[in-house]
Amino acid sequence: MSVASVETSRPSGQALSPAVADGRYLSLDAYRGLIMILLVAEGFGFGPLKNHPVFGLIANQVDHVAWQGAVFWDLIQPAFMFMVGVAMPFAFARRIERDAGFGQNLAHVLGRSLKLIALSQLFTIVHSGRVQFGLINVLSQIAFTYFLCFLIMQLRFRWQVAAAVLILAGHGGLFLAFPGPEGPFSKSGNVGAVIDSAILGRNYPGLYVTINFISSTATTLFGVWTGCLMRSPRGVMEKLRILIVAALAGLAGGLVLTLVNPMVKRIWTASFTLYSAGWVLLILAAFVWLIDVKGYRKFTFPMVVVGMNSIFAYVVSQLFHGGIYRTIGALTGRFAFIGTLAPVAQASATLLVIWYFCYWLYRRKIYIKV
């Protein structure tokens, strides 16, 4: 199924919720905004409270697991990459309506991918204080998955599915074929780390590896399929049922696959890809039900404000989060008068400032794209 083949009309007499009556799903904008809010929140300041008897449970859900397994915070990047895929069928359908051909779209995709990589290098320089090429930043990873998914989208749907299977099998097979000192999926010396060491002369902190983009391409591709589903003439309730079934299949498939393929986000194993996609789809289904089926819209406003300028929010967070955080701390004494939850107040105030920047743009209908 290529994006050009997706039908945008709907059967006559089929009613849509007010949330989608104009052909745009508010749930998608709100969900994208929630993901970006979580990305820039940096754990909402709960990090120092991991051993707290009350807030420790929350603190441990807003930080990545050390290696195997997954908690809530491990779902944020998959959700971000998934939503990039969701947007692709909508975006390319609009470009095709303006008579953009394959060559023009390919040039657009390549240009956008290079811009994302350039932005990621800027973030690397700002954070490290030196010029140091790297491709593990989420924007670099998206640059690769975006480009690869565009190519895969040109295939018929059954070949897209075959591509996803080959991607995940090939990624896992690579680790199996070149095991590290502790086995195929060892923390150190795995094939991804060996490749980075050979090409870059170093390994990334946090045990991440560049070849994560291979398996995370499947994450973005799942988003592409979801975008095609949401653009299709099916009724909202039918779409919701498909989302739920796909979510449950992803969760079950990911858990079963852990028998031979451990769930590790830091090297984006196949089991993690399926399991995280299951949760991402399940949360999206909840948004579709609440907003597009039940019509609850008021609570979405703070999320939509950020969702409409998601890349801007991420860039501001990457470049200016530290400065905003320190300025607020200087003005408030880092909320020490609050006591235990002072770090949470500090992080929340920083998030609120970034949100206001997005709100300023939203009020003026300024939407910054890459």
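**Rings, helices and two cysteines**

Okay, let's start with one residue: Phe-301 is partly exposed, at 34% relative accessible area. Keep in mind that this is a predicted model.

Phe-301 has company. Together with Trp-355, Tyr-356, Tyr-359 and Tyr-362, Phe-301 makes up one aromatic cluster. I'll come back to that one.

So how many aromatic pairs are there by this rule? The count is 21. One of them is Phe-175 with Phe-185, and that pair is stacked, with the ring centres 5.6 Å apart and 15° between the planes. Where do these two sit? Phe-175 is in helix H6, which covers residues 157-177, and Phe-185 is in the loop between H6 and helix H7 (191-200), so the pair ties together parts that are 10 residues apart in sequence. Are the two rings buried or exposed? Phe-175 is buried, at 0% relative accessible area, and Phe-185 is buried as well, at 12%.

Now back to the cluster. Phe-301 and Trp-355 pair edge-to-face: 6.4 Å from centre to centre, with the planes at 75°. Here Phe-301 belongs to helix H11 (residues 301-307) and Trp-355 to helix H13 (residues 342-363), so this contact ties together parts 54 residues apart in sequence. Trp-355 has a relative accessible area of 19%; the cut-off for buried is under 20%, so Trp-355 counts as buried. Phe-301, as I said, is partly exposed at 34%.

Next, helix packing. You'd describe two packed helices by the angle between their axes and the distance between the axes. Take H9, residues 236-257, and H10, residues 270-293: their axes come within 7 Å and cross at roughly 155°. Angles over 145 degrees count as roughly antiparallel, and therefore H9 and H10 are roughly antiparallel to each other. The crossing of H9 past H10 is left-handed. And what is the contact made of? Its residues split into 21 nonpolar, 5 polar and 1 charged.

Last topic, the cysteines. A disulfide is a covalent bond between the sulfur atoms of two cysteines. How many turn up when you search the whole structure? The search finds 0. Cys-149 is in no disulfide, and the nearest cysteine sulfur, the one on Cys-228, is 11 Å away. The cut-off for a disulfide is within 2.5 Å. Looking from the other end, Cys-228 is in no disulfide either, with the sulfur of Cys-149 as its nearest. Both are buried: Cys-149 at 0% relative accessibility, Cys-228 at 8% relative accessible area.

Terms used. Residues are numbered from 1 along each chain as its sequence is written. This is a predicted model: local features need pLDDT of at least 70, side-chain atom pairs count only at pLDDT 80 or more; totals for chains, interfaces and linings use all residues. Side-chain values use heavy atoms; hydrogens and water are left out. Axes are lines fitted to C-alpha atoms, for helices over the stretch in contact, and angles run from 0 to 180 degrees between N-to-C directions. Helices (H or I, at least four residues) and strands (E, at least two) are DSSP runs, numbered from the N terminus. Angles under 35 degrees count as roughly parallel, over 145 as roughly antiparallel, 65 to 115 as roughly perpendicular and the rest as oblique. A crossing is left-handed if the near helix is turned anticlockwise from the far one by less than a right angle, and right-handed if clockwise. Ala, Val, Leu, Ile, Met, Phe, Trp, Tyr, Cys and Pro count as nonpolar, Asp, Glu, Lys and Arg as charged, and the others, Gly among them, as polar. Buried means under 20% relative accessible area, exposed over 50%, partly exposed in between (1.4 Å probe, protein chains only). Rings of Phe, Tyr and Trp (its six-membered ring) pair if their centres lie within 6.5 Å; planes under 30 degrees apart count as stacked, over 60 as edge-to-face and the rest as tilted.
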